[in-house]
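Reader: I'd like to learn how to read pockets, cavities and a ligand site in a model. Can you walk me through one?

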Amino acid sequence: MATWSAPGRVNLIGEHVDYVGGPVLPFAIDRRTEVAIERRTDSRIVVRSTELEPAELPPEARPGEVDGWERYVAGAIWAFTQATGHRPTGLDIDITSTLPTGAGLSSSAAIECGVLGTLGDIMGTSLTAREIAMLALRAEREFVGVPCGPMDQLAVMLGELDHALLLDSRTLDTEQVPLRLAAAGLTVLVIDTRVRHAVADGAYADRRAACAEATTALGVEWLADATLQQVIGLTDPLLRRRAHHVVSEIQRVRDVVAVLRADHPEDIGAFLTASHRSLADDYDVSCPELDTAVDAALAAGALGARMTGAGFGGSAIALCRLGEVAAVRDRVRRAFDGSGWATPDVWPATPAAGARRSAR
Ligand code: GLA
């Protein structure tokens, strides 16, 4: 038997810029997905998880042939075969998780990375952390069909305790940036609105298409290369707003990295809140539940708050002093009371280690 543990991620800042060549700053979190694989005596591939119905994967499943949550597992197996030529069969795959699914916290990347790491061990093919991330990305893009950037998979694989991962999405160069929250008396609260999004639906692809159009209109290689002045000159108002989010967000990532390198995490709050406003007003990827969560957290004294991940639901994050956690949580919950919305799930996230072998 082989087992791996893969974390989810929170994106601290740098939202919707990993497919236009921009820098992003996610961190792996201490909610994780455990994958255990055992050989079977027959050739079936059976996937089990505590919360979902067991599923049997068709042999050598190809893109488009598997639906439901098990497509992340099938996608990982498919990508493994594409890269190594090995065709795994006869497997019992057991998945347990403390990571909510569909909450914008990369539960799918955690499954894909966890399955790939475990498969490598069971098949005797050792893969590096980066190789696993790239195969998981391939599974997500080519098998599941989400045209995502590289942020989630690299955050899941390369996270480090008390650090955020600065990823240049163009070169895929990475750097660890200190994120010593507890030492500064701070925490990042995750506010899971419990609005479930389907990133695979059109809105994400639509934002990518708008960025591609703006890139062409500006005559730059990557939208990340555009200046604010160039963007302001765009004649199409919608493209101007989309591109404005991108260039302003990239500057905020740089500012946050500088503040964190100076070890002043308490000073990043305003950048987080500005990021949310830009995502809501220029990029149109927020929703009433996320806006309510952010506004309530700020009203209760959070230093900064924003949606995290693709948006359209999922989770927000709020940077809080440790002494204000209860006040922020209560205020957010009260803001949702009487709205007819589900009560949000609010919990602190700690910057944690990336995916690794684990003992069961
Ligand atoms: C999803 C994608 C990422 C990234 C974010 C938005 O999580 O998987 O690649 O584009 O949305 O920042």
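Author: Sure, let's start with the largest pocket, whose volume is about 810 Å³. On a 1 Å grid over the protein atoms alone, a pocket is an open set of points with protein on both sides within 12 Å along at least five of seven lines, while a cavity is a set where a 1.4 Å probe fits but cannot get out; lining residues have an atom within 4 Å of a point. Grid points are joined across faces, edges and corners, and a volume is the space filled by probe spheres set on them.

Author: One caution: this is a predicted model, where local features need pLDDT of at least 70, side-chain atom pairs count only at pLDDT 80 or more, and totals for chains, interfaces and linings use all residues. Residues are numbered from 1 along each chain as its sequence is written, and side-chain values use heavy atoms, with hydrogens and water left out.

Reader: Which residues lie nearest the centre of the largest pocket?

Author: Tyr-72, Gly-102, Ser-107, Ser-108 and His-197, out of 42 lining residues. Helices (H or I, at least four residues) and strands (E, at least two) are DSSP runs numbered from the N terminus. Here α1 (70-84), β5 (91-97), α2 (107-122), α3 (129-144) and α4 (151-158) each supply at least two lining residues, and α2 gives the largest share, with 4.

Reader: How does the lining of the largest pocket divide by class?

Author: Ala, Val, Leu, Ile, Met, Phe, Trp, Tyr, Cys and Pro count as nonpolar, Asp, Glu, Lys and Arg as charged, and the others, Gly among them, as polar. That gives 19 nonpolar, 16 polar and 7 charged residues in this lining.

Reader: Where does the ligand sit?

Author: A molecule sits in a pocket or cavity if more than half of its atoms lie within 2 Å of the grid points. By that test, the ligand sits in the largest pocket. A residue is near the ligand if one of its heavy atoms lies within 4 Å of it, and the surrounding residues include His-16, Tyr-19, Cys-148, Met-151 and Tyr-204. The shell holds 5 nonpolar, 3 polar and 4 charged residues.

Reader: Which side chains have a polar atom by a ligand oxygen?

Author: A polar contact is a pair of N or O atoms within 3.5 Å. Polar side-chain atoms of Glu-15 and Asp-18 each lie 2.6 Å from a ligand oxygen, and one of Arg-9 lies 3.1 Å from a ligand oxygen. The protein covers 94% of the 310 Å² of accessible area (Shrake-Rupley, 1.4 Å probe) that the ligand has on its own.

Reader: And what about the second largest pocket?

Author: That one has about 220 Å³ of space and 14 lining residues, with Glu-60, Ala-61, Ile-77, Trp-78 and Thr-81 nearest its centre. α1 gives the most to this lining, 5 residues.

Reader: How many cavities of 30 Å³ or more turn up?

Author: The search finds 1, and the largest cavity has a volume of about 40 Å³. Its lining includes Trp-4, Leu-116, Asp-121 and Arg-357, and α2 supplies the largest share, 4 residues.

Note on methods. Polar contact = N/O pair within 3.5 Å; in protein donor to acceptor, adjacent residues only side chain to side chain.
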